[in-house]
Amino acid sequence: MHTKDLGFAVIKSSEHVPAFIEASCKQSYLRSKHLYKKRLTRKITITLCSTQQEWLKAIKYYRWPNAAGVVLRNGDIALKAPDLLVVQAKEKQRTRISGHAMKKWHKQLEKWSTKAVKNVILHEFSHVFWTHHYKTTQPNWLNEGLASAVQITHSITKEEVINGIKERKLNEKSLLYRMRIQKHPGGKKGGLYYYNLWRYFTLFVTNNNLRRAVQFMDEYSKRPSRKKYEHLFKKYFGMTEKEAWNAFIN
Ligand SMILES: [Zn+2]
């Protein structure tokens, strides 16, 4: 077992911990610490998984074999190592490609996996701070919206999200949609679509000032109820949820 003590967290791994992961954890921790303006309530454990068996063991009660990262209910992180992401992407590839194209693709996969892991770490650290300080996972759009907003890269443009909303005839209820629990009309890009929807909606209602979302949560999490939600939505975002939704899609 390899361990890396970062002060605020310990990374545990059966394999050597790549330097970029250590750096990425530090950077992501600082990013969310700055956003939430809070400290973690305790030192966390980050389990870096090099095999699918390690992953299934690390995510415990969750049934998310295909996720790349997860925050447990106690606020610890489980992460798939980039090599594992590459192995799994190769397993998924079923169409035959020529030797040269295959080589090129494998090179791209390595680059992709590094970027993917960096994004996942940024994303999960927002959930860590949320979990450590808020007793609720709701509102879901804001929890995932904040986590997705701190990532570096995004695969879907705002225009695609808005077009998707219109094609799928989604209304503001899609803000409360629970990933992996209900079937969703996500189409080709599936769940990924929703993360982008929530991210753009979060950026929209906060006018690109994510601190406003945190201030909303600081107050809402004390006594989360539908009534409080509606009141605080107006207070922090300047309009009702329905008005915000309509302004967002038009
Ligand atoms: Zn998330």
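Thr114 is partly exposed, because 17 other C-beta atoms lie within 10 Å of its own, which puts it between the cut-offs of 20 or more for buried and 12 or fewer for exposed. Keep in mind that this is a predicted model. The chain is assigned two domains, domain 1 (2-133) and domain 2 (140-249), and Thr114 sits in helix H4 (residues 99-133). Here's a tour, starting with that residue.

**Around Thr114**
- Which residues does Thr114 touch, leaving aside its neighbours within four places in sequence? They are Phe20 and Pro82.
- Leu30 is 84 residues away from Thr114 along the chain, and the C-alpha atoms of the two are separated by 20 Å.

**Where the two domains meet**
- If you take the C-alpha centres of domain 1 and domain 2, they lie 24 Å apart.
- How many residues of each domain are in contact with the other? There are 13 in domain 1 and 12 in domain 2.
- On the side of domain 1 that touches domain 2, helix H1 (19-36) and H4 each supply at least two residues.
- H4 gives the largest share of that side, with 8 residues.
- Sorted by class, the side of domain 1 that touches domain 2 comes out as 5 nonpolar, 5 polar and 3 charged residues.

**The nonpolar core**
- In soluble globular proteins, nonpolar side chains tend to be buried together.
- In this model, the largest nonpolar core has 49 residues.
- This core isn't confined to one domain: domain 1 (2-133) and domain 2 (140-249) each contribute at least three residues.
- Which residues have the most contacts inside the core? Those are Ile46, Cys49 and Leu79.
- Take Ile46 as a case to look at: leaving aside neighbours within four places in sequence, Ile46 is in contact with Ala9, Ile11, Cys25, Ile77 and Leu79. You've met Leu79 already, as it's on the list of residues with the most contacts inside the core.

**The E1-E2 hairpin**
- Strand E1 (residues 2-5) and strand E2 (residues 9-13) run antiparallel, and 4 bridges join them.
- One pairing to find on screen is Asp5 with Val10, its bridge partner in E2.
- The hairpin has 3 residues between the strands, and Gly7 has a positive phi near 90° there.

**Backbone details in the loops**
- Is the peptide bond from Gln138 to Pro139 cis or trans? That bond is cis, with omega near -5°.
- You'll find Pro139 in the loop between H4 and helix H5 (140-149).
- Lys60 isn't a glycine, yet its phi is positive, near 50°. Look for Lys60 in the loop between helix H2 (52-58) and strand E4 (69-71).
- Why does Lys60 count as exposed? Because 12 other C-beta atoms lie within 10 Å of its own, and 12 or fewer is the cut-off for exposed.
- Asn208 is another residue other than glycine with a positive phi, this time near 65°. Its place is the loop between helix H7 (191-205) and helix H8 (210-220).
- Asn208 counts as exposed because it has 9 C-beta neighbours inside 10 Å.

Technical notes. Residues numbered from 1 in each chain as written. Predicted model: local features only at pLDDT ≥ 70, side-chain atom pairs only at ≥ 80, totals over all residues. Contact = placed C-beta atoms within 7 Å. Core = buried A, V, L, I, M, F, W, Y, C linked by C-beta atoms within 7 Å. Domains from an automatic or database assignment. Pairing = 2+ DSSP bridges. Nonpolar A, V, L, I, M, F, W, Y, C, P; charged D, E, K, R; others polar.
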